Amino acid sequence: MDKHPLPAAPLSKLETADALANGLEALDLLRPLLVSMHQQIALPRPDLVQLKGLCHAAGWIANEYHS
């Protein structure tokens, strides 16, 4: 395993702005899911099926916006 990763090319201001915009868009999509998850977890008997669906949706959003 290489302990010295190759240096990445510096990002342009446009690439940086685009990455930030994508991150903000992802956060806007994740926020309501996280609120719903928090509400479910706070219940004495959370709906595990709904919670699992929310987790899958959050994972999908994270994967789509990661690249």
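Which residues make up the largest nonpolar core? The legends below work through this predicted model view by view.

**View 1. The largest nonpolar core, 8 residues in all.** Here's the set: Ala26, Leu30, Leu33, Met37, Leu51, Leu54, Ala58 and Ile61. The elements that put two or more residues into this core are H1 and H2. Helix H2 covers 48-66, and the buried residues of H1 pack against it.

**View 2. Helix H1 from end to end, residues 13-42.** This helix has 30 residues, and its first and last C-alpha atoms are 42 Å apart, close to the 44 Å expected at 1.5 Å a residue. Not quite a straight rod, though: H1 bends by about 30° at Leu30. A proline, Pro32, follows within four residues of that bend. Buried along H1 are Ala26, Leu30, Leu33, Met37 and Gln40.

**View 3. Ala58, a core residue on helix H2.** Ala58 is found in helix H2 and belongs to the largest nonpolar core. It counts as buried because its relative accessible area is 13%, and the cut-off for buried is under 20%. Setting aside residues up to four places away in sequence, Ala58 touches Leu30, Leu33 and Met37. Take Met37 as one of these partners: its C-alpha and that of Ala58 are separated by 10.0 Å, with the two positions 21 residues apart along the chain counted as the spacing.

**View 4. Leu54 and its contacts.** Leu54 is another member of the largest nonpolar core. Once neighbours within four places in sequence are left out, Leu54 is in contact with Leu33, Ser36 and Met37. Of these, Leu33 and Met37 are listed among the core residues too, and both are buried in H1.

**View 5. Gln40, a buried residue of helix H1.** Gln40 sits in helix H1, and it counts as buried because its relative accessibility is 10%. A polar atom of the Gln40 side chain lies 2.6 Å from the backbone nitrogen of Asp47. Leaving out neighbours within four places in sequence, Gln40 is in contact with Pro46, Asp47, Gln50 and Leu51. Leu51, one of those partners, is part of the largest nonpolar core. For a sense of scale, zoom out to Leu11: its C-alpha is 40 Å from that of Gln40, and the two are 29 residues apart along the chain.

**View 6. The salt bridge between Arg31 and Asp28.** The count for the model comes to 1 salt bridge. Here the side chains of Arg31 and Asp28 meet, at 3.2 Å from N to O. Both residues lie in helix H1, 3 residues apart, or about one turn of the helix. Asp28 is partly exposed, with a relative accessible area of 49%.

Conventions: Residues are numbered from 1 along each chain as its sequence is written. This is a predicted model: local features need pLDDT of at least 70, side-chain atom pairs count only at pLDDT 80 or more; totals for chains, interfaces and linings use all residues. Side-chain values use heavy atoms; hydrogens and water are left out. The expected span of a helix is 1.5 Å times one less than its number of residues. The bend at a residue is the angle between axes fitted to the seven residues ending there and the seven starting there. Buried means under 20% relative accessible area, exposed over 50%, partly exposed in between (1.4 Å probe, protein chains only). Contact means heavy atoms within 4.5 Å. A polar contact is a pair of N or O atoms within 3.5 Å; within protein, one must be able to donate a hydrogen and the other to accept it, and residues adjacent in sequence count only if both atoms are side-chain atoms. A nonpolar core is a set of buried Ala, Val, Leu, Ile, Met, Phe, Trp, Tyr and Cys residues joined through side-chain atoms within 4.5 Å. A salt bridge is a side-chain nitrogen of Lys or Arg within 4 Å of a carboxyl oxygen of Asp or Glu.
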